[in-house]
Amino acid sequence: MSDQEYAISEYPDALKIKEKLDKLAAQPMWELSNSYKKKVMDWWNTHCLKSKEIIEKAKKLIPGGVQHNLAFNDPWPLVITKAEGAYLYDIDGNQYIDFLQAGGPTLLGSNYKVVQEKVIELIKECGPVTGLFHEYEYKLAELINQYMPAVEMFRALGSGTEAAMAAIRVARVATNKEKIIKGGGAYHGWSDQLLFGMHIPQSGAAEAAGVPPAVFKNTQEFIPNDIEYLEKLLKKNQDKGGTACVLVEPLGGESGTIPVTKDWNKQVAELCEKYEALLIFDEVVTGFRIGMGGAQGYFGIKPDLTIFGKIIAGGYPSAGGLGGLEEYMKYVAAGVEGGKKRAYVGGTLSANPLSCCAGYWAIKEIARTKAYLKAGEAGDKLIKGLQEIIEKYNLPYVAFNHASICHLEANGLMNINLMDAVQSSQITSRKQMLHEMGAAYESEGIITLAGSRIYTSMADTDEIIKKALEGFDKVLSNVEKPK
Ligand SMILES: Cc1ncc(COP(=O)(O)O)c(C=O)c1O
């Protein structure tokens with residue numbers, strides 16, 4: 001695929017952005033004025049009362065009343081009843097521009113008709129699951145292989161988390177080595193061994209309550225953009241069980257929130273080759289979103305293994321899969337067969353016909369419509385507009401994007417320096433501020449991911465971006481310089 005077929009119009013200057021984010025994290029927070037915060041609360045108290053009532057009831061049966069980590073708890077989670085194109089609608093009848101996109105899978109826009117119709121057709125014919133082979137499994141694998149040649153083989157799984165678990169298992173079986181190295185701040189799901197260095201680089205096991213420390217005996221994190229540090233780890237590991245794999249989120253941790261330079265992945269790939277560790281690309285977010293060839297195509301790298309999620313099931317359930325070179329993927333062969341060296345993976349509902357059908361048609365439609373380019377252009381326009389607003393109000397906020405993966409950073413939470421006592425004591429208050437920003441955006445008809453990330457979709461027309469910018473402008477015009 002040619003360069004023009006990738007949606008990143010200009011690769012962000014990661015070091016410059018990082019410098020701005022570090023600066024943002026090192027200063028007191030620029031927050032919404034108290035009078036505006038009150039206005040936002042008034043809006044919630046007059047516009048979202050049905051949501052409130054249901055969540056109050058749900059709290060008795062569902063811990064916290066909500067089951068998605070990406071739903072805001074403050075003031076209370078919204079109850080969504082309808083999703084269509086660029087919009088979500090809540091039970092109180094409010095309309096929102098959907099920049100959450102369920103965390104990433106709905107690049108074509110919500111409830112995209114072609115995929116929906118194919119899924120309904122399939123359900124009528126054979127139901128969502130049989131436990132046996134369906135032709136869509138082959139068709140999906142073939143389609144992925146067509147766009148990502150490094151995915152010589154593919155195994156559908158239940159989620160990105162499962163795919164990451166499978167990836168490290170395969171890497172260990174294939175290499176007979178023990179250590180795994182992940183990016184500081186990167187997210188690869190919530191499995192025990194990868195609940196390390198989450199969100200913020202060098203945070204180690206900070207978010208791993210419930211996971212015994214011994215689980216992390218073989219998990220390490222690299223410091224993004226510090227290739228010498230990574231080499232040191234790889235070197236040290238050589239006589240301590242060796243490194244089975246290095247996992248990367250190719251745009252940087254948390255989908256580029258902790259950005260990496262354009263040549264970072266190549267440098268990592270070279271080290272992986274030198275130290276005979278498998279290179280694992282986590283393309284849960286980037287796959288088909290920045291181009292049909294994913295981040296591996298964009299960066300011109302052939303990873304040994306690739307982790308998939310989200311778009312791989314077109315916004316339908318069981319969104320996960322592991323792909324890679326045949327010499328490694330052979331270890332996940334399934335079926336009732338014993339005696340072979342095997343990286344055990346499973347899942348009753350994995351590779352079900354519904355998910356494979358939805359994934360197949362979603363990827364087909366993304367290719368046909370060039371949805372990644374349209375969503376990427378929307379992202380570029382949105383970020384340009386946000387940068388202008390930030391400048392207009394003289395804010396230290398940072399807005400940047402890799403195509404349709406956009407960031408509006410109001411306090412640099414994931415870039416705080418944990419070695420700095422003041423910064424590390426502010427994690428909770430910075431999280432709270434993002435809640436407040438998110439609630440304010442919602443009061444202006446915009447749903448973001450955690451108050452700082454924005455996914456654009458093919459459904460985001462110029463008109464929608466204009467409307468969104470008006471909403472963002474209103475919120476950001478009420479930010480105050482800290483006293
Ligand atoms: C980069 C990345 N990897 C893995 C995962 C985990 O995927 P899932 O939520 O399907 O388990 C996510 C989820 O957001 C992700 O963003």
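Reader: I'm new here. At roughly what angle do the axes of helix H13 and helix H16 cross?
Author: Keep in mind that this is a predicted model. Helix H13 covers residues 371-392 and helix H16 covers residues 462-476. Their axes come within 10 Å, and they cross at roughly 25°.

Reader: So is H13 roughly parallel or roughly antiparallel to H16?
Author: The crossing angle is roughly 25°. Angles under 35 degrees count as roughly parallel. Therefore H13 and H16 are roughly parallel.

Reader: And is that crossing left-handed or right-handed?
Author: We're still with the pair H13 and H16, whose axes come within 10 Å. Their crossing is right-handed.

Reader: How many residues of the contact of H13 with H16 are nonpolar?
Author: On the H13 side, the residues include Leu 382, Leu 386, Ile 389 and Lys 392. They meet residues of H16, among them Ile 465, Phe 472 and Asp 473. Sorting the contact residues gives four charged, one polar and, for the nonpolar group, 10.

Reader: Over to the sheet, then. Which are the edge strands?
Author: Three strands form an open sheet, ordered S12-S13-S15, with antiparallel pairing. From one strand to the next, the twist averages 20°. An edge strand here pairs on one side only, and that describes S12 (398-402) and S15 (453-455).

Reader: Which residue in S13 does Val 398 stand opposite?
Author: S12 starts the order S12-S13-S15, and five bridges join S12 to S13, residues 405-409. These two strands run antiparallel. Opposite Val 398 stands a residue of S13, namely Glu 409.

Terms used
Residues are numbered from 1 along each chain as its sequence is written. This is a predicted model: local features need pLDDT of at least 70, side-chain atom pairs count only at pLDDT 80 or more; totals for chains, interfaces and linings use all residues. Side-chain values use heavy atoms; hydrogens and water are left out. Axes are lines fitted to C-alpha atoms, for helices over the stretch in contact, and angles run from 0 to 180 degrees between N-to-C directions. Helices (H or I, at least four residues) and strands (E, at least two) are DSSP runs, numbered from the N terminus. Angles under 35 degrees count as roughly parallel, over 145 as roughly antiparallel, 65 to 115 as roughly perpendicular and the rest as oblique. A crossing is left-handed if the near helix is turned anticlockwise from the far one by less than a right angle, and right-handed if clockwise. Contact means heavy atoms within 4.5 Å. Ala, Val, Leu, Ile, Met, Phe, Trp, Tyr, Cys and Pro count as nonpolar, Asp, Glu, Lys and Arg as charged, and the others, Gly among them, as polar. Two strands pair if DSSP finds at least two bridges between them.
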